[in-house]
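Here's a set of short exercises with worked solutions. Keep the viewer open and try each one before reading on.

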Amino acid sequence: MALYSDKVMDHFRNPRNVGVIEDADGVGEVGNAKCGDIMKMYLKIDNDIITDVKFETFGCGSAIASSSMATELIKGKPVSEAMALTNKAVAEALDGLPDYKMHCSVLAEEAIRNALEDYERKKGAEGSPQVYTHVECECEGKE
Amino acid sequence: MIYADNAATTRMSDAALNTLIELSKENYGNASSLYSLGQRSKEILEKAREDVAKVINAQPREILFTSGGSEADNQAIRSAAEIGKAKGKKHIISSAFEHHAVLHTISKLEKEGFEVTLLPVHEDGLVRPEELSAAIREDTALVTIMYANNEIGTIQPIRELGAICRERGVLFHTDAVQAIGHISVDVERDNIDMLSASAHKFHGPKGSGFLYFRKGIRLTNLIEGGAQERGKRAGTENVPGIAAMATALTEAAATLAERAKVTQEKRDRLIKGLLQIPHSALNGDAVKRLPSNVNFCFEGIEGESLLLLLDDRGIAASSGSACTSGSLDPSHVLLAIGRVHDVAHGSLRLSIGDDITDEEVDYIVKNVREVVEYLRGFSPIWRDLMAGRKQFIL
């Protein structure tokens, strides 16, 4: 059996929605370089609908595929639906991930939630500069 | 496909494969049986022992056949620990970047009451003889330092380390799995008491290896049972595998110097090419390294995705990234030479074969460059580095 499903390899080889949105309404970043994966999500939201989403990822094949799949799952969806996205849904849409790679789908879920929280925060404080919280991954602090 | 993972394993040589097939078909007798088919196996086994011993300048009775390098490492260290324990010596010295077959065995002994000192390996990937000298104590039972590192290929000053151990009366073991068949190894010249080797690293079969143990060293069994290997390793001998190993080793020894020269030229061409990629660095000393080994770190990318994309382009290589090991930490070898986590995740090991062409080397350089650039193109770390929000490490 191959390491990854065909779906994972497809999203890894041809990642969807790669890039940056300069005037994003919400930005989320999770993970850290120490653990070997960082995901950054950029959202464009209009009338509570996610009209555009882009990502940048430093990480392994499944981290890149999870980011890509997560962006596909929320694009065009209402904020409430995107907020409810789970890592399980990401992994299932990819036809599964190896156990020790489930972490990557968790990062994708957290990156999107993080970006949505940034959006909500900015909506609540119109005109304030762009800020986003940086969520550390679970391995932080372990040597 | 360009196979550049010879440090992981090698393709069997035609001669070794012929030996393996022929003996499996024709000489399947048990070497312990008294009829001629069995006795023929016994003869083949002892001839293989002579051939292997000759290559490393040892005596045949100093060679124990094992299932490979890990078993040989385990048995060497366990044996030295038992010998030491009987004399009240319970201190072991090793290095921070040994193979896990060594590190896990000594950490197990640590739990059993041994004390362990791990020598640093410095930025160049080399152990300092003077640091070994300073670490040896009255109760040191064993020094075990690898001949050449499996990830970064650095060749340790084994002769000097061995001489220090000899002078201080301490047993010296070396895991020579990456060295045997690729660079000259001589147990007399190098002052080695015990040495581990594995056939599949020098174009022999998997599941076959050996332990050299200097005359007079009493081995402790890992496997109890029959009286094979003079009672030190039970189980029916893998005669075809052992004979194929001897074939491969004899072949490798005969062509060693000439192969090393050619491979080294290709290695240096590869290193030169990869150094052109911005914010990259060679891991380990550029000169004191195996002729086949190239190991790089590329800032801003992760190793597994690099490997997968190189595989798509027909290049088989490996990485010390956490994601390729199934753990959260990157290679202990890269951490031991002082690479921080951030860049250790972006490592690439290319261990080339002696038949690689200049065109293939250039193809590797071109494709590594393209894939690194592509991955950096959507790496948030790279964006931060380029924007000056983060400092370059390499």
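**Exercise 1**

Between which helix and which strand of chain A does the loop with N17(A) lie?

*Solution.* One note before we start: this is a predicted model.

Step 1: go to the start of chain A and find helix 1 (6-13), then strand 1 (26-32); N17(A) sits in the loop between the two.

Step 2: check the backbone. Phi of N17(A) is near 60°, so you're looking at a positive value in a residue other than glycine.

Step 3: check the burial. The relative accessibility of N17(A) is 15%, and the cut-off for buried is under 20%, so N17(A) counts as buried.

**Exercise 2**

Work out the overall make-up of chain A: how many helices and strands does it have, and in what pattern do they come along the sequence?

*Solution.* Step 1: count the elements, and you get five helices and four strands in chain A.

Step 2: read along the sequence, which gives α-β-β-β-α-α-α-α-β for chain A.

Step 3: look at burial. Chain A has 143 residues, and 53% of them count as buried.

Step 4: look at contacts. Take those in chain A between residues at least 6 apart in sequence; 64% of them join residues at least 24 apart.

Step 5: finish with the surface. Chain A has an accessible surface of about 6200 Å², with 51% of it belonging to carbon and sulfur atoms.

**Exercise 3**

Now over to chain B: what is the strand order in the open sheet of seven strands?

*Solution.* Step 1: trace the sheet across, and the order reads 2-8-7-6-5-3-4 in chain B, with mixed pairing.

Step 2: pick out the edges. Strand 2 (63-66) and strand 4 (115-119) of chain B each pair on one side only, and these are the edge strands.

Step 3: add the twist, which averages 20° from one strand to the next.

Step 4: zoom in on one pair. Strand 6 (residues 171-175) and strand 7 (residues 194-198) of chain B run parallel and are joined by three bridges. Within this pair, T174(B) has L195(B) in strand 7 of chain B as its bridge partner.

Step 5: put a helix on the sheet. Helix 4 (residues 100-111) of chain B touches strand 3 (91-95), strand 4, strand 5 (140-144) and strand 6 of chain B, and its direction makes about 155° with that of strand 3 of chain B.

Step 6: add another helix. Helix 2 (residues 36-55) of chain B lies across strand 2 and strand 8 (209-213) of chain B, at about 115° to strand 2 of chain B.

**Exercise 4**

Is H122(B) buried, partly exposed or exposed?

*Solution.* Step 1: locate H122(B) in the loop between strand 4 and helix 5 (129-135) of chain B.

Step 2: note its backbone, as phi of H122(B) is near 60°, a positive value in a residue other than glycine.

Step 3: compare with the cut-offs. Buried needs under 20% and exposed needs over 50%; H122(B) is at 26% relative accessibility, so H122(B) counts as partly exposed.

**Exercise 5**

Which element of chain B gives the most residues to the lining of the largest pocket, and which gives the most to the largest cavity?

*Solution.* Step 1: take the pocket, which holds about 470 Å³ of space. Its lining has 19 residues, with N6(B), H203(B), G353(B), D354(B) and D355(B) nearest the centre.

Step 2: sort that lining by element. Strand 1 (2-3) and helix 7 (239-274) of chain B each supply at least two residues, and helix 7 of chain B has the largest share, with five.

Step 3: turn to the cavities. There are three of 30 Å³ or more, and the largest holds about 230 Å³. Of its 23 lining residues, N6(B), H182(B), R259(B), S292(B) and I352(B) are the closest to the centre.

Step 4: sort again, and helix 7 of chain B gives the most to this cavity's lining too, with four residues.

**Exercise 6**

Which residues is S292(B) in contact with, leaving aside its neighbours within four places in sequence?

*Solution.* Step 1: find S292(B) in the loop between strand 9 (280-282) and strand 10 (293-298) of chain B.

Step 2: list the contacts, which are T263(B), L350(B), S351(B) and I352(B).

Step 3: follow one of them. T263(B) lies in helix 7 of chain B, and its own contacts beyond four places in sequence include S292(B), I352(B) and G353(B).

Step 4: compare both with the 20% cut-off. S292(B) is at 16% relative accessibility, so S292(B) counts as buried; T263(B), at 6%, counts as buried as well.

Notes. Residues numbered from 1 in each chain as written. Chains lettered and ligands numbered in written order. Predicted model: local features only at pLDDT ≥ 70, side-chain atom pairs only at ≥ 80, totals over all residues. Heavy atoms only, no water. Buried < 20%, exposed > 50% of the residue type's maximum accessible area, 1.4 Å probe, protein only. Contact = heavy atoms within 4.5 Å. Areas by Shrake-Rupley, 256 points an atom, 1.4 Å probe, with all protein chains shown as cover. Pairing = 2+ DSSP bridges. Axes fitted to C-alpha atoms, helices over the stretch in contact; angles between N-to-C directions. 1 Å grid on protein atoms, 1.4 Å probe; cavity = no way out; pocket = protein on both sides within 12 Å on 5 of 7 lines; lining within 4 Å. Points joined across faces, edges and corners; volume = space filled by probe spheres on them.
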